[in-house]
Amino acid sequence: MRIIGLTGGMGMGKSTAAAAFRRAGIPVFDADATVHQLQARGGRAIPAIEAAFPGTIRGGVVDRAALRQAVLGNPGALTRLEHILHPMVEAEERAFVARARRAGKPAVVLDIPLLFETKGDRRVDTVVVVSAPLAIQIHRIGLRRRMSKADVAAVIARQMPDREKRKRADVVIQTGLSRAHTLRALRRFIGTLRP
Ligand SMILES: CC(C)(COP(=O)(O)OP(=O)(O)OC[C@H]1O[C@@H](n2cnc3c(N)ncnc32)[C@H](O)[C@@H]1O)[C@@H](O)C(=O)NCCC(=O)NCCS
Ligand SMILES: Nc1ncnc2c1ncn2[C@@H]1O[C@H](COP(=O)(O)OP(=O)(O)OP(=O)(O)O)[C@@H](O)[C@H]1O
């Protein structure tokens, strides 16, 4: 089974690319969504987050805005949060890969924003990086997310620079042009996966 890592900075187009893989019948593991599940009602991460960041759990679920406030711009706190979450995300990822293997899937995609930062690139066969110029990245984040400019800058600063990701990629998908252009490039890559 071919394991493809999909990564790229915030707003670079990971979710758009992941949707194209899903449409082609390739199962996608979504690390951001896994974090959300771990923090939602009954989520496994809630007790540890409550202990480390008192006041960020409201009504039994993580108040993400409050947690963001507690960790962004505070690298030590963000590292503590990552140490709680990343082992749980990796356990979910391993279970996902094992299920796909048992089901005889020819390929899977791991959509992981921090793929390189967490050394996840060692666990995949091919790394696909989605990339667009910084100005377009910031514009797209602004369209979609209710995050302050300072929060956006803090997240981008935390992530490996785009040029470094491109250097380490096996395949770079440009998302700075039209959506049609991006989808064509993805279809070309997906075509190379057929046995
Ligand atoms: C800080 C939190 C509470 C903010 O939640 P919120 O709903 O506001 O944002 P969301 O999760 O959608 O993330 C926004 C963007 O920031 C990126 N991001 C999230 N956490 C991190 C991080 N630790 N380092 C770099 N980028 C990150 C995401 O990939 C996404 O592009 C949340 O992102 C979180 O719990 N992060 C820690 C877990 C983590 O490292 N996630 C990254 C993927 S494994
Ligand atoms: N090739 C493209 N052309 C035009 N717009 C695009 C393209 N790719 C993505 N977008 C737009 O850019 C925004 C960000 O894309 P997407 O949600 O796929 O990024 P992401 O990397 O998953 O972001 P995040 O890490 O913040 O979740 C979306 O509003 C999407 O519609």
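User: Why is Leu72 called buried?

Analyst: A residue is buried if 20 or more other C-beta atoms, placed from the backbone, lie within 10 Å of its own, exposed if 12 or fewer, and partly exposed in between. Leu72 has 20 other C-beta atoms within 10 Å, so it is buried. This is a predicted model, in which local features need pLDDT of at least 70, side-chain atom pairs count only at pLDDT 80 or more, and totals for chains, interfaces and linings use all residues. Residues are numbered from 1 along each chain as its sequence is written, while chains are lettered from A and ligands numbered from 1 in the order in which they are written.

User: Where is Leu72, and which residues does Leu72 touch?

Analyst: Leu72 is in the loop between α4 and α5; helices (H or I, at least four residues) and strands (E, at least two) are DSSP runs, numbered from the N terminus. Two residues are in contact if their C-beta atoms, placed from the backbone, lie within 7 Å. Leaving out residues up to four places away in sequence, Leu72 touches Leu78, Asp151 and Ala154. Its C-alpha is also 9.1 Å from that of Ala150, 78 residues apart in sequence.

User: What makes a residue part of the shell around ligand 1, and what is the make-up of that shell by class?

Analyst: A residue belongs there if its C-beta atom, placed from the backbone, lies within 6 Å of the molecule. Ligand 1 is surrounded by 18 residues, the closest being Met10, Arg64, Leu67, Arg68 and Pro113. Ala, Val, Leu, Ile, Met, Phe, Trp, Tyr, Cys and Pro count as nonpolar, Asp, Glu, Lys and Arg as charged, and the others, Gly among them, as polar. On that basis the shell around ligand 1 has 12 nonpolar, 1 polar and 5 charged residues. At least two residues each come from α2 (31–39), α4 (64–71), α5 (75–102) and α7 (149–158). The most come from α5, with 5 residues.

User: How do you know what span to expect for α5, and where is its kink?

Analyst: The expected span is 1.5 Å times one less than the number of residues in the helix. For the 28 residues of α5 this comes to 40 Å, and the helix reaches 39 Å from its first C-alpha to its last, close to that value. The bend at a residue is the angle between axes fitted to the seven residues ending there and the seven starting there. At His83 in α5 there is a kink of about 30°, shortly before the proline Pro87. Gly104 follows α5 and has a positive phi, near 75°.

User: What is unusual about phi at Lys119, and why is Lys119 called exposed?

Analyst: Most residues other than glycine have a negative phi. Lys119 is not a glycine, yet its phi is positive, about 60°. With 9 C-beta neighbours inside 10 Å, Lys119 counts as exposed. Its place is the loop between β5 (107–111) and β6 (126–131).

User: Val124 is in the loop between β5 and β6 too; why is Val124 called buried?

Analyst: Val124 has 21 other C-beta atoms within 10 Å, so it is buried. Apart from neighbours within four places in sequence, Val124 is in contact with Ile3, Ile4, Gly5 and Leu110. The C-alpha atoms of Val124 and Leu6 are separated by 9.6 Å, although the two residues are 118 apart along the chain.

User: Which residues are closest to ligand 2, and which of its neighbourhood does UniProt annotate as "binding site"?

Analyst: Of the 17 residues surrounding ligand 2, the closest are Gly13, Lys14, Ser15, Thr16 and Thr182. Two or more residues come from each of α1 (14–23), α6 (134–144) and α9 (179–191). The shell around ligand 2 divides into 4 nonpolar, 8 polar and 5 charged residues. An unreviewed UniProt entry places the feature "binding site" at Gly11, Met12, Gly13, Lys14, Ser15 and Thr16; such annotations may be inferred rather than shown by experiment.

User: Are Gly11 and Thr16 buried, exposed or partly exposed?

Analyst: Gly11 has 23 C-beta neighbours inside 10 Å and therefore counts as buried. Thr16, in helix α1, has 15 such neighbours inside 10 Å and so counts as partly exposed. Gly11 is in the loop between β1 (2–7) and α1.

User: Why is Thr175 called buried, and which residues does Thr175 touch?

Analyst: Thr175 has 27 C-beta neighbours inside 10 Å, so it counts as buried. Not counting residues up to four places away in sequence, Thr175 touches Met12, Gly13, Val130, Ser131, Ala132 and Thr182.
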